[in-house]
Amino acid sequence: MAQTIGFIGLGNMGGPMAANLVAAGHRVLGFDLAPSSLEAARAAGVTVLGSAAEAAQGVDTVVTMLPAGRHVVEVWSALCESVPAGTLLIDSSTVDVESARRAHALAEARGCPSIDAPVSGGTGGAKAGTLTFMAGGAAEAFARAEPILRQMGKAVFHCGAAGAGQAAKICNNMILGISMIGVGEAFALGEKLGLSHQALFDVASVSSGQCWSLTSYCPVPGPVPASPANNDYRPGFAAALMLKDLRLAQAAAAAAGAATPLGAEAAQLYALFDALGHGGEDFSGIIRMLRGTKAG
Ligand code: NAD
């Protein structure tokens with residue numbers, strides 16, 4: 001059923017997500033601090049307004065897609081002073097679990113159902129409407145959010161209570177960061193041993209080394225033609241964003257008392273890659289640093 005939806009944060013991800021809600025027949029009221037984001041959203045059929053509070057007036061649902069936890073808490077604090085009780089609040093940003101839970105608490109105090117629903121799938125998935133959403137929050141809030149999320153994505157999971165979506169996101173991306181370094185190291189070692197990329201790929205892709213970083217996102221050109229390695233490591237998924245997610249995982253691990261030694265090492269390696277000026281490259285480009293040929 002068509003709704004009026006407020007959308008706050010119309011950047012690389014939020015812009016195309018809002019455009020997909022317009023295409024699905026909703027009336028979308030949008031706000032962003034950046035004039036360039038507003039212009040693109042207007043061109044996609046979003047009704048652009050002058051503040052977050054205005055974009056959340058008279059709507060059924062508000063979606064936020066912001067850089068980090070402090071932005072989400074700030075925007076939700078303001079929203080929760082003005083939106084009517086019962087307005088559904090969805091945050092799809094990737095943020096720390098603590099901030100996600102604070103945002104839920106603000107919504108609850110206002111009488112608003114809320115969902116943390118971070119995404120996987122990147123800007124390509126946002127444009128194509130094929131994101132994966134992982135949601136945390138009460139079952140009734142999820143039931144209201146799910147049809148809207150499905151209009152921006154291909155898969156929607158309810159992972160548990162408040163913050164569970166963010167927990168699933170950072171655990172998944174910690175696996176991804178670690179596995180990409182593992183695959184990169186294996187190719188770098190294979191090269192030194194005189195093994196061709198294709199031979200290692202053929203064996204490992206059907207053996208116990210098989211993983212997404214190898215078979216869907218291979219960090220060397222050739223075996224998987226669509227991977228960023230074939231496009232000079234243009235993102236894709238930027239290394240700086242991988243570093244952000246690995247740091248969120250480390251903060252969560254420290255707060256929860258979980259031992260994540262490989263997650264910690266992956267965060268350090270991506271921090272070095274970023275410090276060497278490669279944060280804007282695809283995260284699979286870390287193989288060039290691992291080889292020691294690019295980032296020495
Ligand atoms: P972005 O920087 O392109 O967009 C964020 C937007 O939020 C900007 O346009 C900015 O002006 C706006 N903004 C900041 N503070 C605001 C405020 N107080 N009020 C209104 N607007 C405000 O970032 P992005 O790539 O769209 O990422 C958004 C979120 O999605 C991040 O949390 C990111 O980690 C996550 N994410 C990104 C990707 C990706 O590939 N880009 C993939 C998965 C998840």
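## A two-domain chain around a ligand

Of the 27 residues around the ligand, those that come nearest are Gly-11, Asn-12, Met-13, Ser-93 and Thr-94. The model described here is a predicted one. By class, the residues of this shell divide into 14 nonpolar, ten polar and three charged. Three helices, α4 (69–79), α6 (122–128) and α11 (239–256), each supply at least two residues of the shell, and the largest share, three residues, comes from α4. The shell also draws on both parts of the chain, with at least three residues from each of domain 1 (4–162) and domain 2 (167–291).

### The two domains and the core

The protein chain is divided into domain 1, which covers 4–162, and domain 2, which covers 167–291. Their C-alpha centres lie 29 Å apart, and where the domains touch, nine residues of domain 1 are in contact with eleven residues of domain 2. On the domain 1 side of this meeting place there are four nonpolar, three polar and two charged residues.

Which residues touch the most other members of the largest nonpolar core? In this core of 94 residues, they are Phe-7, Trp-76, Ala-145, Tyr-270 and Ile-286. Helix α8 gives the most to the core, with ten residues, and the core draws at least three residues from each of domain 1 and domain 2. For Ala-145, leaving aside its neighbours within four places in sequence, the residues in contact are Leu-88, Ile-90, Ile-115, Ala-117 and Ala-135.

### Helices α8 and α11

Two of the helices can be compared with the span expected from their number of residues, counted at 1.5 Å a residue, as the table sets out.

| Helix | Residues in helix | Expected span | Distance between end C-alpha atoms |
|---|---|---|---|
| α8 | 29 residues | 42 Å | 42 Å |
| α11 | 18 residues | 26 Å | 25 Å |

For α8, which runs over residues 164–192, the expected span and the distance between the end C-alpha atoms agree, and for α11 the two values agree as well. Each helix is followed by a glycine with a positive phi: Gly-194 follows α8, with a phi near 80 degrees, while Gly-257 comes just after α11 and has a phi of about 70 degrees.

Within α11, the buried residues are Ala-239, Met-242, Leu-243, Lys-244, Asp-245, Leu-246, Leu-248, Ala-249 and Ala-252. What covers these buried residues includes α5 (97–110), α8, α12 (261–278) and α13 (286–291).

Is Ala-240, with 16 other C-beta atoms within 10 Å, buried, exposed or partly exposed? This residue, found in helix α11, is partly exposed, because its 16 neighbours within 10 Å fall between the two cut-offs, which are 20 or more for a buried residue and 12 or fewer for an exposed one. Leaving aside neighbours within four places in sequence, Ala-240 is in contact with Asp-274, Gly-279 and Gly-280. Ala-240 and Gly-160, by contrast, are 80 residues apart in sequence and 28 Å apart in space, C-alpha to C-alpha.

### The loops on either side of α11 and α12

The loop between α10 (212–215) and α11 holds several backbone features, and Gly-236 is found in this loop. A cis peptide bond joins Pro-235 and Gly-236, with omega about 15 degrees. In the same loop, between α10 and α11, is the place of Asp-232, which has a positive phi of about 50 degrees although it is not a glycine. Tyr-233 also lies in the loop between α10 and α11, and its phi is positive too, near 60 degrees, in a residue other than glycine. As background to these values, most residues other than glycine have a negative phi, and most peptide bonds are trans.

Asp-232 and Tyr-233 contrast in their surroundings. Asp-232 counts as exposed because 10 other C-beta atoms lie within 10 Å, whereas Tyr-233 counts as buried because 24 other C-beta atoms lie within 10 Å.

Further along, Gly-285 is found in the loop between α12 and α13. Gly-285 counts as buried because it has 26 C-beta neighbours inside 10 Å. Leaving aside its neighbours within four places in sequence, Gly-285 is in contact with Tyr-233, Ala-239 and His-278. The C-alpha atoms of Gly-285 and Pro-84, which are 201 residues apart along the chain, are separated by 47 Å.

Key. Residues are numbered from 1 along each chain as its sequence is written. This is a predicted model: local features need pLDDT of at least 70, side-chain atom pairs count only at pLDDT 80 or more; totals for chains, interfaces and linings use all residues. A residue is near a molecule or strand if its C-beta atom, placed from the backbone, lies within 6 Å of it. Helices (H or I, at least four residues) and strands (E, at least two) are DSSP runs, numbered from the N terminus. Ala, Val, Leu, Ile, Met, Phe, Trp, Tyr, Cys and Pro count as nonpolar, Asp, Glu, Lys and Arg as charged, and the others, Gly among them, as polar. Domain bounds come from an automatic or database domain assignment. The expected span of a helix is 1.5 Å times one less than its number of residues. A nonpolar core is a set of buried Ala, Val, Leu, Ile, Met, Phe, Trp, Tyr and Cys residues joined through C-beta atoms within 7 Å. Two residues are in contact if their C-beta atoms, placed from the backbone, lie within 7 Å.
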